[in-house]
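The following exercises are to be worked with the sequence and the predicted model side by side. Each task is followed by a solution in steps.

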Amino acid sequence: MTHLECSRCGKTHAHNRLQNLCTCGKPLLARYELKAAAKTLTREALTTRPANMWRYAEVLPGGPPVSLGEGMTPLLDARKVGAALGLKNLYVKDEGLNPTGSFKARGLSAAVTRAKALGASSLAIPTAGNAGGALAAYAAQAGLPSVIVMPADTPMANVMECRAFGADVRKIDGLISDCGKYVAEHKDREGWFDVSTLKEPYRIEGKKTMGYELWEQFGGKLPDVIIYPTGGGVGLIGMCKAFDEMEAMGWVASTRPRMVSVQAAGCAPIVEAYERGSESSEFWDHAATIASGLRVPKALGDFLILRMIRASRGTAVTATDEEMLAAGRELAAFEGIYAAPEGAATLVAARKLVAAEWINPEETVVLFNTGSGYKYSEAWERALNLSGIQATVGRQEQ
Ligand SMILES: Cc1ncc(COP(=O)(O)O)c(C=O)c1O
Ligand SMILES: [Zn+2]
């Protein structure tokens, strides 16, 4: 790594001390000497490296990794659900198999690694749930105290895991945006380092490894379409950053997978901004969805998400809670994948985009199941009680 660069104004910042946002208030991105990285980060070298995200060390922040074995999640061939949709090449990247049951493990492994290396003494995070669980786990491994600030109605599994990992859990009567304000107001007085999504430069570095893995798992190619559930948007921004780095290293050409952002109908600021042709989103009032990770009324990196969707010739679509729950049952019953509602939302989007002929039957499509259904007992209880689903499932089985 050579430095940090502002994603908006381009100003450079030192990477060898703790940093949050640029002076202009926008997120910082890590920059590397990619030509040098390409000399040792080769496909051949990768064959002998451990099956976790730190295999891409040349393009990750430095410091002894704080790791629980995150990354290198399976890319599953969803044959039956694909056939039902009329898609020949439908895959599910199952991020639910990460430590703490979600893709958030990647970002927090990178962030805690760097924060510890740079001398942070305690870490705080506003969270919709899964990021809090991941921070609490990695902080425990690093031997650092953590403060997890979450909405009072966060799924039970997230609250329990944070407590088990020894974190200081604070419940707020509000949304993740209110939790973010709480951390911002208390951090200086209490000496916390703020690891909020995109207010800290390295979570995105961990998440971008999903893009590197796709390339490896597809044998040195990228898929045509990637469908991703978007809250703060770091997964989507991270993968696009990975593709740019891969191009600079000569791994891929300039064509990119079309990036599809899926949001909950009850909280869809990015979809709304995309449809309006706007460069940034408006705060979404009364955000409500069972997909707790998608309950983000305004993303700090909204302008980056929108820029990347458009640059890749992607699109943005919504899924209702009922649609997500039904799609979750399909993934479970036909593919053996017990998905988070956020992950199930990607199947809803795929179905809509096939119907609209936006996706062609021959194209390679990847759905990201960003979390494990095992952390969503409340949502799954509702899913299993849905009437009418049995009929759909039964029909497909024949
Ligand atoms: C399971 C799950 N999926 C998706 C998201 C949204 O992720 P991002 O902030 O990268 O858009 C979250 C965020 O909490 C999540 O927990
Ligand atoms: Zn700036």
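## Exercise 1. Helix α12

Task: Identify the buried residues of α12, compare the helix span with expectation, and describe the residue that follows the helix.

Solution. Step 1. The buried residues of α12 are Glu323, Met324, Leu325, Ala326, Ala327, Gly328, Arg329, Glu330, Leu331 and Glu335. A residue is placed in this class if 20 or more other C-beta atoms lie within 10 Å of its own.

Step 2. Helix α12 covers residues 321-335, which is 15 residues. At 1.5 Å a residue the expected span is 21 Å, and the end C-alpha atoms are 21 Å apart, so the two values agree.

Step 3. After α12 comes glycine 336, with a positive phi near 75°.

## Exercise 2. Helix α8

Task: Determine how far α8 is enclosed, and by which elements.

Solution. Step 1. Helix α8 (residues 203-217) has 15 residues and reaches 22 Å from its first C-alpha to its last, close to the expected 21 Å.

Step 2. Twelve of the 15 residues of α8 are buried; the helix is therefore largely enclosed by the rest of the structure. Among the buried residues are Arg203, Ile204, Glu205, Tyr212 and Leu214.

Step 3. The buried residues of α8 pack against the strands β3, β5 (89-94) and β13 (364-369), and against the helices α4 (104-117) and α9.

Step 4. Glycine 219, just after α8, takes a positive phi of about 70°.

## Exercise 3. Strand β5 and its partners

Task: State the direction in which β5 pairs with β4 and with β13, giving a residue pair for each.

Solution. Step 1. The general principle is that strands of a sheet pair through backbone hydrogen bonds, either parallel or antiparallel.

Step 2. Strand β4 (residues 75-77) runs antiparallel to β5, and three bridges join them. Leucine 76 has valine 92 of β5 as its bridge partner.

Step 3. The pairing of β5 with β13 is parallel and extends over six bridges. Here aspartate 94 stands opposite asparagine 369 of β13.

Step 4. Five of the six residues of β5 are buried, and the strand is thus mostly covered.

## Exercise 4. A sheet of three strands

Task: Give the strand order of the open sheet that contains β1, and name its edge strands.

Solution. Step 1. The order is β2-β1-β3, with antiparallel pairing.

Step 2. The edge strands are β2 (12-13) and β3 (28-31), each of which pairs on one side only.

Step 3. Strand β1 (residues 3-6) is joined to β2 by two bridges. In one of the pairs, glutamate 5 has threonine 12 of β2 as its partner.

## Exercise 5. Glycine 191

Task: Is glycine 191 buried or exposed, and which residues does it touch?

Solution. Step 1. Glycine 191 is found in the loop between α7 (176-190) and β9 (193-194).

Step 2. Glycine 191 counts as exposed because it has 12 C-beta neighbours inside 10 Å.

Step 3. Leaving aside residues up to four places away in sequence, glycine 191 touches Ser121 and Ser122. Glycine 191 and serine 121 are 70 residues apart in sequence, and their C-alpha atoms are 7.6 Å apart in space.

## Exercise 6. The shell around ligand 1

Task: Describe the shell around ligand 1 by residue, class and element.

Solution. Step 1. There are 18 residues around ligand 1, of which Gly231, Gly232, Gly293, Thr370 and Gly371 come nearest.

Step 2. By class, the shell has five nonpolar, eleven polar and two charged residues.

Step 3. Helices α5 (130-142) and α9 (234-248) each supply at least two residues of the shell.

Methods:
Residues are numbered from 1 along each chain as its sequence is written. Chains are lettered from A and ligands numbered from 1 in the order in which they are written. This is a predicted model: local features need pLDDT of at least 70, side-chain atom pairs count only at pLDDT 80 or more; totals for chains, interfaces and linings use all residues. A residue is near a molecule or strand if its C-beta atom, placed from the backbone, lies within 6 Å of it. Helices (H or I, at least four residues) and strands (E, at least two) are DSSP runs, numbered from the N terminus. Ala, Val, Leu, Ile, Met, Phe, Trp, Tyr, Cys and Pro count as nonpolar, Asp, Glu, Lys and Arg as charged, and the others, Gly among them, as polar. The expected span of a helix is 1.5 Å times one less than its number of residues. Two strands pair if DSSP finds at least two bridges between them. Two residues are in contact if their C-beta atoms, placed from the backbone, lie within 7 Å.
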